[in-house]
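Subject: Structure handover

Hello,

Please find the structure below, with the sequence. My notes on it follow.

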Amino acid sequence: MEGATGVTCPEDVTPGTARWEYFRTLLTGDVNAAVAGFFAAGAAEVTVTEAHSTMRNLLLGALDPRAVAVVGRHKPLGMMQGIDAGVDAVAFVGYHAGAGHQGVLSHTYLGSTIVEVLINGAQATEGRMNALLAAEFGVPVVLVTGDDLTCEDAVGWALAAERVAVKRCVDRYTAACLAPARTAELIADAASASIAGPEGPVRPGRPAAPQGPFCYELEFGATNPVIACTAIPGVQQTGVRRVSFTLPTMATAIRCFRAVTVLAAASVEPGYG
């Protein structure tokens with residue numbers, strides 16, 4: 001949701017706040033634009049997987065009725081639930097830059113507890129790790145929307161994807177934002193272009209499966225998450241504020257990463273996160 005049209009501050013994406021209630025409409029608008037674009041290009045089926053916070057943000061009453069929404073956070077594959085169901089392509093709508101880097105509301109899973117994530121030595125935003133998981137199931141990323149820095153980052157893990165910058169990052173909490181009517185047009189056009197062919201929808205080429213094993217390294221902003229996270233077998237302390245683990249597939253590695261983030265978040269006392 002941090003990469004949705006108009007979003008610039010934490011309250012915009014914090015469930016229960018007045019600003020979140022408003023920006024749910026803009027998030028739903030971005031999603032509907034992508035759905036409309038895919039159907040316009042001939043898609044037979046579109047599934048929307050909720051991927052922010054409690055994963056209950058979309059206004060279902062306003063969702064394009066042709067789409068199916070997977071709502072709720074208790075999903076085996078989390079943000080990427082459904083990627084193993086034989087889909088032809090995946091779109092990342094409302095994505096953001098990673099922890100420790102410039103970008104509107106930049107973070108990786110946790111707002112400020114995690115300051116860096118590496119996979120096999122390379123910086124891993126949520127986009128990159130989800131793209132690796134998609135590739136493991138043979139699914140290409142065909143569309144990415146977010147701020148301009150998110151779109152730049154996507155060149156490294158979804159070079160062939162259409163990219164739509166709905167806002168330009170000025171600072172972490174400031175952006176030059178396009179109007180919803182304009183971003184809806186851009187997203188719909190990009191979604192259509194990503195699969196359109198002269199005689200109907202194109203099945204994008206299947207990406208090569210990434211080669212494991214996958215070594216995750218996480219740097220925290222404080223020491224307390226380390227003790228909590230190393231309670232998971234295989235997660236090792238590698239520095240004062242650093243842990244790592246290695247697993248053979250992205251499907252298992254990303255599930256371990258999600259477990260690490262749950263324990264890391266729980267290790268923070270209220271008011272000190």
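To begin with one pair in the sheet: the bridge partner of Gln 237 in S11 is Val 243. Strands here, and helices likewise, are DSSP runs numbered from the N terminus (H or I and at least four residues for a helix, E and at least two for a strand). Two strands count as paired if DSSP finds at least two bridges between them.

On conventions, this is a predicted model, in which local features need pLDDT of at least 70 and side-chain atom pairs count only at pLDDT 80 or more, while totals for chains, interfaces and linings use all residues. Residues are numbered from 1 along each chain as its sequence is written, and side-chain values use heavy atoms, with hydrogens and water left out.

The open sheet

S10 and S11 are antiparallel and share three bridges; they form a hairpin with two residues between them. S11 (residues 242-247) also pairs with S9, again antiparallel, over six bridges. In that pairing Leu 218 stands opposite Val 243 in S11. Val 243 is thus named in both pairings, with Gln 237 and with Leu 218.

The sheet as a whole is open and has five strands in the order S5-S4-S9-S11-S10, with antiparallel pairing. Strand S5 (122-123) and strand S10 (236-239) are at the edges with a single partner strand each, so one side of each has no neighbour in the sheet. S5 is held to strand S4 (residues 114-119) by two bridges in the antiparallel sense, and Ile 119 stands opposite Ala 122 in S5. As a general point, side chains in a regular strand alternate between the two faces of the sheet.

The S7-S8 hairpin

Strand S7 (residues 162-171) and strand S8 (residues 174-177) run antiparallel and are joined by four bridges. The hairpin connection between S7 and S8 is two residues long. Arg 168 has Ala 176 in S8 as its bridge partner.

Cys 169 also lies in S7. Is Cys 169 buried or exposed? Its relative accessible area is 11%, so Cys 169 counts as buried (buried is under 20%, exposed over 50%, partly exposed in between, with a 1.4 Å probe and protein chains only). Not counting residues up to four places away in sequence, Cys 169 touches Gln 102, Gly 103, Val 104, Asp 147, Asp 148, Leu 149 and Thr 174 (contact means heavy atoms within 4.5 Å). Val 104 is 65 residues from Cys 169 along the chain, with 5.8 Å between the C-alpha atoms.

Helix H6 and the loops

Thr 261 sits in helix H6 (residues 250-266) and is buried at 6% relative accessibility. Beyond its neighbours within four places in sequence, Thr 261 is in contact with Tyr 109, Leu 110 and Ile 114.

Pro 76 belongs to the loop between S2 and strand S3 (90-95). Pro 76 is partly exposed, at 47% relative accessible area. With residues up to four places away set aside, Pro 76 touches Gln 81, Arg 255 and Arg 258. Arg 255 is 179 residues away from Pro 76 along the chain, yet their C-alpha atoms are separated by 7.7 Å.

Asp 64 is in the loop between strand S1 (47-49) and strand S2 (68-70) and is buried at 11% relative accessibility. Apart from neighbours within four places in sequence, Asp 64 is in contact with Asn 32, Val 35 and Ala 36.

Ala 222 is in the loop between strand S9 (214-220) and helix H5 (224-229), partly exposed at 31% relative accessibility. Ala 222 and Arg 258 are 36 residues apart in sequence and 18 Å apart in space, C-alpha to C-alpha.

The protein overall

The secondary structure comes to six helices and eleven strands. The radius of gyration is 18 Å, close to the 19 Å that the globule rule gives for 273 residues, so the protein is as compact as a globular protein of that length (the radius is taken over C-alpha atoms, and the rule is 2.2 Å times the number of residues to the power 0.38). Along the principal axes, the C-alpha atoms fill a box of roughly 55 × 40 × 30 Å. Buried residues are 49% of the 273. Among contacts between residues at least 6 apart in sequence, 63% join residues at least 24 apart.

Regards
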